[in-house]
Number of protein chains: 6
Amino acid sequence: MKLVLKISGKFFDEENIESLIKLKKTVKQIISENNRLAIVTGGGATARKYIKIARELGVNEAHLDLLGIWASRLNAYLLAFILSDVSYMKVPENIEEFIERWESGKVIITGGFQPGQSTATVAALVSEAIGADYLILATNVDGVYDKDPRYYTDAKLIPRLDTVTLRKVLESSQSVKAGTYELLDPLAIKIIERSRIKVVVMNYKRLDKVLDIIKGNEIGSIIEPA
Amino acid sequence: MKLVLKISGKFFDEENIESLIKLKKTVKQIISENNRLAIVTGGGATARKYIKIARELGVNEAHLDLLGIWASRLNAYLLAFILSDVSYMKVPENIEEFIERWESGKVIITGGFQPGQSTATVAALVSEAIGADYLILATNVDGVYDKDPRYYTDAKLIPRLDTVTLRKVLESSQSVKAGTYELLDPLAIKIIERSRIKVVVMNYKRLDKVLDIIKGNEIGSIIEPA
Amino acid sequence: MKLVLKISGKFFDEENIESLIKLKKTVKQIISENNRLAIVTGGGATARKYIKIARELGVNEAHLDLLGIWASRLNAYLLAFILSDVSYMKVPENIEEFIERWESGKVIITGGFQPGQSTATVAALVSEAIGADYLILATNVDGVYDKDPRYYTDAKLIPRLDTVTLRKVLESSQSVKAGTYELLDPLAIKIIERSRIKVVVMNYKRLDKVLDIIKGNEIGSIIEPA
Amino acid sequence: MKLVLKISGKFFDEENIESLIKLKKTVKQIISENNRLAIVTGGGATARKYIKIARELGVNEAHLDLLGIWASRLNAYLLAFILSDVSYMKVPENIEEFIERWESGKVIITGGFQPGQSTATVAALVSEAIGADYLILATNVDGVYDKDPRYYTDAKLIPRLDTVTLRKVLESSQSVKAGTYELLDPLAIKIIERSRIKVVVMNYKRLDKVLDIIKGNEIGSIIEPA
Amino acid sequence: MKLVLKISGKFFDEENIESLIKLKKTVKQIISENNRLAIVTGGGATARKYIKIARELGVNEAHLDLLGIWASRLNAYLLAFILSDVSYMKVPENIEEFIERWESGKVIITGGFQPGQSTATVAALVSEAIGADYLILATNVDGVYDKDPRYYTDAKLIPRLDTVTLRKVLESSQSVKAGTYELLDPLAIKIIERSRIKVVVMNYKRLDKVLDIIKGNEIGSIIEPA
Amino acid sequence: MKLVLKISGKFFDEENIESLIKLKKTVKQIISENNRLAIVTGGGATARKYIKIARELGVNEAHLDLLGIWASRLNAYLLAFILSDVSYMKVPENIEEFIERWESGKVIITGGFQPGQSTATVAALVSEAIGADYLILATNVDGVYDKDPRYYTDAKLIPRLDTVTLRKVLESSQSVKAGTYELLDPLAIKIIERSRIKVVVMNYKRLDKVLDIIKGNEIGSIIEPA
């Protein structure tokens with residue numbers, strides 16, 4: 001099985017050693033079961049800090065995005081070094097470099113690629129390029145909800161949906177928009193659909209359950225391309 | 001003034017020596033008036049030919065896009081060599097390479113950057129990165145129309161519009177969608193808006209009028225970011 | 001066994017899906033029998049088209065050759081993507097890059113390297129660098145003839161010859177010169193001789209017979225270095 | 001005059017917009033007076049944060065240093081984008097890349113180069129490579145003191161000293177060691193001596209006085225190679 | 001076991017074919033016993049010749065060092081080509097390139113990395129980056145002596161010592177300083193200590209005994225990090 | 001005027017400081033008169049030494065040539081550093097890198113490019129790529145002779161000839177073949193002819209006369225493309 005794991009920048013903000021140890025174990029387990037894995041990291045608080053300072057000094061949007069990309073690459077190097085016995089030690093800086101490094105058989109870890117592009121889109125492009133079976137979005141919620149769980153106590157997690165439904169949830173329900181949009185922007189969905197990639201949304205606090213979530217045996221959402 | 005000129009792949013399909021000579025003159029005129037220029041080329045028929053063959057052989061979408069990108073780079077090299085006394089002779093392959101080459105003071109010519117991305121988006125990213133005054137889309141129609149001019153004899157060219165109006169034209173009028181969409185996809189419009197780049201749509205057959213079109217003295221459409 | 005397969009640009013001009021499927025099968029068969037393989041592609045019609053346009057616009061010979069080289073790289077990427085499960089996905093741009101990529105154990109596919117150099121010479125250099133057992137020239141004729149088969153109905157294919165004889169055929173017989181010269185220019189022959197590489201000339205329409213042709217059991221010419 | 005400005009990582013930790021504006025003005029003033037400038041940035045708190053996390057997870061020393069280096073490059077990109085109209089937009093990753101970019105005539109901004117090496121040594125190497133007139137160390141103290149000013153109210157700033165005296169201060173006075181050592185480690189001093197580079201130690205809060213400090217007209221220390 | 005072998009430039013000056021054949025055999029034996037190996041080469045007489053000429057012509061210290069580095073890379077390429085069936089054929093030019101190439105599983109051969117840095121330090125950095133079990137310094141003496149064996153007939157080889165003792169030997173005994181210093185400069189010792197790398201000093205004339213020397217069964221010195 | 005200066009490897013073997021000082025002066029004079037200059041260096045004795053050792057150890061022809069190329073690049077770096085205030089400090093490793101560096105406006109210095117190719121061919125390719133007015137071959141004889149001046153006291157220097165005559169001299173007169181062949185091999189002549197580059201053959205001992213030799217006012221041979 002070929003998997004792409006997109007880890008939200010928030011994961012790194014928590015600076016939680018236990019989470020990183022869990023991630024390390026999960027990656028080794030995935031690999032040991034004869035799967036291949038690519039990881040895409042978000043930029044998180046480091047990205048926001050640098051972008052904020054630079055914006056105040058009049059830096060343009062393309063360069064602000066590049067600062068966020070360099071911050072996400074710092075997170076990528078952190079993972080590459082933690083996983084050094086199974087990972088590739090150079091973070092690719094664009095899809096062509098990614099494709100070349102993928103040949104190595106190692107876990108390839110990448111941050112952002114270019115301005116105007118979310119790390120979700122990077123993860124979708126990477127999934128497409130390697131023909132991934134699943135793109136796993138590890139974030140700070142348990143999956144896709146019908147309403148924003150932060151505001152509605154009766155919000156329900158949707159365990160299975162397709163991208164048509166996903167788009168409707170995103171458009172109809174203003175309240176969940178922001179959070180979910182971060183998961184999958186329109187370009188990422190388009191790529192998922194054209195290459196028919198299955199997507200899993202899950203909480204990064206339960207990374208050790210990822211293979212069970214794929215099987216539908218643990219809490220999370222599975223999105224099928226329409 | 002800093003200008004980005006996006007030339008449709010169709011321009012190259014015509015293999016029209018006169019058009020290329022006109023392009024050469026136009027570029028030299030633009031430069032001589034103390035402007036700086038970047039050019040982005042589409043892939044055209046060469047791209048479509050390679051994509052068609054590869055698709056029949058089961059190549060994935062990411063790699064199909066890469067074939068189109070390599071074809072657009074071939075068009076970019078053609079221009080770079082034709083313009084060799086003012087152009088930079090290496091075609092950048094991503095925005096970071098572009099930004100570095102732009103330092104040289106030369107005309108930088110680029111094709112596509114990565115899968116899942118139109119050359120219009122490349123041109124918008126390039127415009128943003130250099131703080132372009134105008135992004136010029138040179139294509140095979142005279143500008144943005146209220147209806148598809150291929151089907152409606154009463155279609156009218158819109159000389160000035162903003163991106164809100166542009167989106168409406170694109171959404172309401174199915175008939176013009178395909179053609180115009182090629183000019184500016186949603187991501188390109190988003191970049192144009194966030195960095196407030198003015199866009200000119202014009203016919204590549206009248207490239208020699210480009211500076212007049214910018215001034216509003218010749219046929220073409222000028223799009224303001226909303 | 002280490003093999004280098006040089007595929008004439010004409011192969012790509014035919015845009016023949018069946019031929020490409022046959023090539024794919026042949027490559028996989030060669031690999032499966034524990035051989036290693038490098039492929040060198042010609043530029044074909046795409047190269048000629050771009051060179052013709054550029055020449056009319058006064059582009060110099062070095063840059064004309066570079067356009068041909070970029071076109072041959074497009075053919076190389078086409079093959080790399082078609083063969084994606086066994087091939088290396090980055091086309092090397094010079095012999096040092098080739099040598100480094102060869103380490104990967106994959107099928108390495110390359111187009112031209114530099115101006116003033118035929119793709120036959122590229123194939124000879126590649127053969128020399130990896131210590132190839134055979135350099136296979138797949139072209140649109142069945143082998144080396146004593147006379148030009150297009151003009152002489154009594155032309156006979158020479159199944160075995162050495163490079164001294166090859167040079168004589170090339171020099172004495174004006175009529176076959178053009179066609180054969182394309183196969184092996186003087187520099188390519190010099191490299192073949194100095195590194196004692198055996199050469200097979202065969203028709204790309206019968207690529208599936210390549211291992212039999214090497215054994216001398218099928219139609220083709222085998223050239224021994226003198 | 002050719003100047004190398006090494007900015008302590010602490011400068012970036014303060015996230016002080018005013019300081020960055022002052023730095024921007026200072027750089028433009030230096031350039032406008034026909035001087036050339038290279039800047040070397042420390043890693044600061046971002047570096048320490050990533051190193052701390054990675055160390056707890058058993059990452060080796062070489063990779064810990066690389067995380068610090070990537071953090072310092074993030075600071076370098078921040079400056080490159082803030083100074084985009086005079087700076088080179090690509091941060092060099094080793095001395096050979098630095099030397100090549102220096103040809104551009106722009107302000108080159110670099111972070112760390114490699115493990116086991118302080119950014120002070122990077123700054124010394126850069127100074128040597130370009131034949132700098134002064135290496136300016138901008139830090140959070142006003143210069144070199146005879147005692148540690150944090151503990152001794154009678155500590156005196158030494159306005160002029162040579163590297164022999166500097167070594168003595170560093171060795172004899174335990175209390176100032178840590179802080180000053182950060183300024184100049186033994187390898188950096190060795191490079192300064194062998195290439196006879198003059199060094200200025202100053203407070204980054206008064207960057208606008210740098211040209212006066214060089215002249216000896218403002219508070220700071222000037223170190224002559226022995 | 002992971003080993004780093006640093007070969008003194010003097011080894012190459014002797015142009016001794018027998019020594020190179022012995023080296024080739026030793027490398028293959030090391031590999032065949034399931035160890036991994038990196039090799040670092042000194043510059044030797046070629047380096048000194050180019051540095052001498054350039055110095056007379058006023059070239060600066062950074063560039064002089066680069067000439068020495070390029071000469072050491074020439075020695076590295078010589079070994080890479082001699083060992084072509086087990087070695088990586090591209091000589092890395094800095095630690096980041098080294099780390100990436102190490103992924104290949106091949107013997108990686110490198111010369112110097114940057115000015116102001118001994119090849120011993122390069123070897124220490126490489127050892128640290130890969131977590132080497134032993135750093136082997138192959139030179140023209142049999143190990144570390146208590147006195148300079150060239151001047152004192154009663155000089156005794158010290159078979160085991162730690163880095164504290166090593167520093168004392170280097171400092172107290174002027175006579176051996178020059179020679180030994182070449183083996184391990186202060187920065188190299190610092191890296192060895194912080195990453196706890198064991199060091200073997202041995203004669204390159206007995207390279208075939210290297211595995212025995214590591215075990216303490218043959219003449220040489222083993223240095224433990226203090 | 002655009003000039004390419006090819007300096008024989010023998011020039012470097014002499015390790016003659018006076019010659020290098022003269023070269024430095026000549027380069028500066030050429031530049032100061034508003035000409036542009038590229039320099040191509042041979043490998044000389046360093047190349048021969050490394051090739052000899054490697055050949056005895058069974059290294060293949062492609063890799064032997066690469067050793068020669070790396071040696072020629074060492075000579076190129078020597079010149080780049082000696083000429084550091086007017087030269088580009090990175091030696092290009094292939095024609096595409098050369099073309100890109102040429103944009104800088106500096107003196108670009110290059111060694112060999114690839115196996116199977118003389119440095120004369122490199123110089124011809126470089127001349128073609130930049131549209132050189134003259135390719136100057138600086139060697140250890142004064143020009144092209146009708147007979148080998150080492151053996152025939154009545155040998156006469158031919159001040160002006162075309163490439164047809166040159167080929168005849170090379171073919172008819174066995175005795176001069178070796179020496180002259182080194183100057184211009186068949187591929188180099190082919191490139192000179194197709195791009196109509198004028199060639200000057202002169203003695204590197206009189207480099208300071210180069211502009212006079214071009215004018216025909218000093219001893220040397222001028223070869224016109226036929």
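This report walks through a predicted model, starting with one chain and moving on to how the chains meet.

## Chain A on its own

Let's start with chain A. Its secondary structure adds up to ten helices and seven strands. End to end along its principal axes, the C-alpha trace covers about 50 × 45 × 35 Å. How compact is chain A, going by its radius of gyration? The value is 17 Å, close to the 17 Å that the globule rule gives for 226 residues, so chain A is as compact as a globular protein of that length.

Two other figures fill in the picture. Of the 226 residues in chain A, 53% are buried. And if you take the contacts between residues at least 6 apart in sequence, 70% of them join residues at least 24 apart.

## Where A meets D

Now bring in a partner. On the chain A side, 22 residues are in contact with 21 residues of chain D. Three helices of chain A each give two or more residues to this side: α2 (17-32), α3 (44-56) and α4 (61-82). The largest share comes from α4(A), with ten residues. Sorted by class, the side of chain A that touches chain D has 17 nonpolar residues, three polar ones and two charged ones.

How do the two copies line up? A turn of 180 degrees, with a shift of 0.0 Å along the axis, lays chain A on chain D with an RMSD of 0.0 Å. Both copies use the same surface, as 95% of the contact residues of chain A recur in chain D.

## Where F meets E

Over at chains F and E, 22 residues of chain F are in contact with 22 residues of chain E. The helices that each supply at least two residues on the chain F side are α2 (17-32), α3 (44-56) and α4 (61-82) of chain F. Which of them gives the most? That would be α4(F), with ten residues. The class tally for the side of chain F that touches chain E is 17 nonpolar, three polar and two charged residues.

Chain F can be laid on chain E by a turn of 180 degrees and a shift of 0.0 Å along the axis, with an RMSD of 0.0 Å. The two copies are therefore related as by a two-fold rotation axis. Here too the same surface serves both copies, and 100% of the contact residues of chain F recur in chain E.

Some pairs of chains don't meet. Chain B and chain E do not touch, and their nearest C-alpha atoms are 19 Å apart. Likewise, no contact joins chain A and chain F, whose closest C-alpha atoms also sit 19 Å apart.

## The core and helix α4

The largest nonpolar core holds 484 residues, and the members that touch the most others are C:Leu67 and E:Leu67. Setting aside residues up to four places away in sequence, E:Leu67 touches E:Ala47, E:Tyr50, E:Ile51 and E:Ala54 in its own chain, plus F:Tyr77, F:Leu78 and F:Phe81 across in chain F. As a general point, nonpolar side chains tend to be buried together in soluble globular proteins.

For a look at helix α4, try the copy in chain D. At 1.5 Å a residue, the 22 residues of α4 (residues 61-82) should span 32 Å, and the end C-alpha atoms are indeed 32 Å apart. Is α4(D) mostly covered or mostly open? Mostly covered: 20 of its 22 residues are buried.

## A buried strand residue

B:Val201 sits in strand β6 (residues 198-203) of chain B. With 27 C-beta neighbours inside 10 Å, B:Val201 counts as buried. B:Leu137 is 64 residues away from B:Val201 in sequence, yet their C-alpha atoms are 4.8 Å apart in space. Beyond its neighbours within four places in sequence, B:Val201 has contacts that include B:Leu137, B:Thr139, B:Val144 and B:Ile223.

## Two loop residues with positive phi

C:Glu15 isn't a glycine, but its phi is positive, near 45 degrees. You'll find C:Glu15 in the loop between α1 (9-13) and α2 (17-32) of chain C. C:Glu15 is partly exposed, with 14 other C-beta atoms within 10 Å.

F:Arg196 is another non-glycine residue with a positive phi, of about 50 degrees. F:Arg196 lies in the loop between α9 (186-194) and β6 (198-203) of chain F. Buried or exposed? F:Arg196 is exposed, with 12 other C-beta atoms within 10 Å.

Definitions and conventions
Residues numbered from 1 in each chain as written. Chains lettered and ligands numbered in written order. Predicted model: local features only at pLDDT ≥ 70, side-chain atom pairs only at ≥ 80, totals over all residues. Contact = placed C-beta atoms within 7 Å. Helix = DSSP H or I, 4+ residues; strand = E, 2+ residues; numbered from the N terminus. Nonpolar A, V, L, I, M, F, W, Y, C, P; charged D, E, K, R; others polar. Least-squares fit on C-alpha atoms with pLDDT ≥ 70 in both. Rg over C-alpha atoms; globule rule 2.2 N^0.38 Å. Core = buried A, V, L, I, M, F, W, Y, C linked by C-beta atoms within 7 Å. Expected span 1.5 Å × (residues − 1).
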